[in-house]
Amino acid sequence: MEVISELVELKGYATTLDISRYMNVSAPSVTKMLQRLEENKLLEYEKYHGINLTSKGTQIAIEIRQNHGILLEFFEILGVNHDTANKDTEGIEHHLNPKTIKQLRKFITFLKANPKIIESFKNP
């Protein structure tokens, strides 16, 4: 859903081929996933046509993208380079409890309000 959201933002729609290339998975795998998302009323999908998220799907995608941003920012504060942080985020973002994400957001806000803490962490 995150990828679909990004593609729709860029192009106005997404295609199976776009998603397949972006995620580096086979088109049949993407089709199966799209069918499941459509069954859950998260997107409007018509074979050989563009894919768009429903309002419910859009809301979930926004939350996923926000969670991604929170985790990415947290890893970068820890000093993890952007590419590694992004890959790690992709690996764990869907497995975290929303309460954990909320606490990470609070912690990041605290750290940003106290930049000396970040600086002393990065340069002990």
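Valine 25 sits in the loop that joins α2 (16–23) to α3 (27–39), where helices are DSSP runs of H or I with at least four residues and strands are runs of E with at least two, numbered from the N terminus. This is a predicted model, in which local features need pLDDT of at least 70 and side-chain atom pairs count only at pLDDT 80 or more, while totals for chains, interfaces and linings use all residues. Residues are numbered from 1 along each chain as its sequence is written, and side-chain values use heavy atoms, with hydrogens and water left out.

Valine 25 counts as partly exposed because its relative accessibility is 35%, given that buried means under 20% relative accessible area, exposed over 50%, and partly exposed in between, with a 1.4 Å probe and protein chains only.

Turning to the interior, the largest nonpolar core has 16 residues, and Ile4, Ile19, Leu34, Leu43 and Ile51 have the most contacts inside it; such a core is a set of buried Ala, Val, Leu, Ile, Met, Phe, Trp, Tyr and Cys residues joined through side-chain atoms within 4.5 Å. At least two residues of this core come from each of α1, α3, β1 (43–45), β2 and α4. A second, separate core of twelve residues includes Leu72, Phe74, Phe75 and Leu104.

What, then, do the buried residues of α4 pack against? They pack against α1 (2–11), β2 (51–53), α5 (82–92), α6 (98–113) and α7 (115–122), where contact means heavy atoms within 4.5 Å. Among the buried residues of α4 are Gly57, His68, Leu72 and Phe75. After α4 comes glycine 79, whose phi is positive, near 100°.
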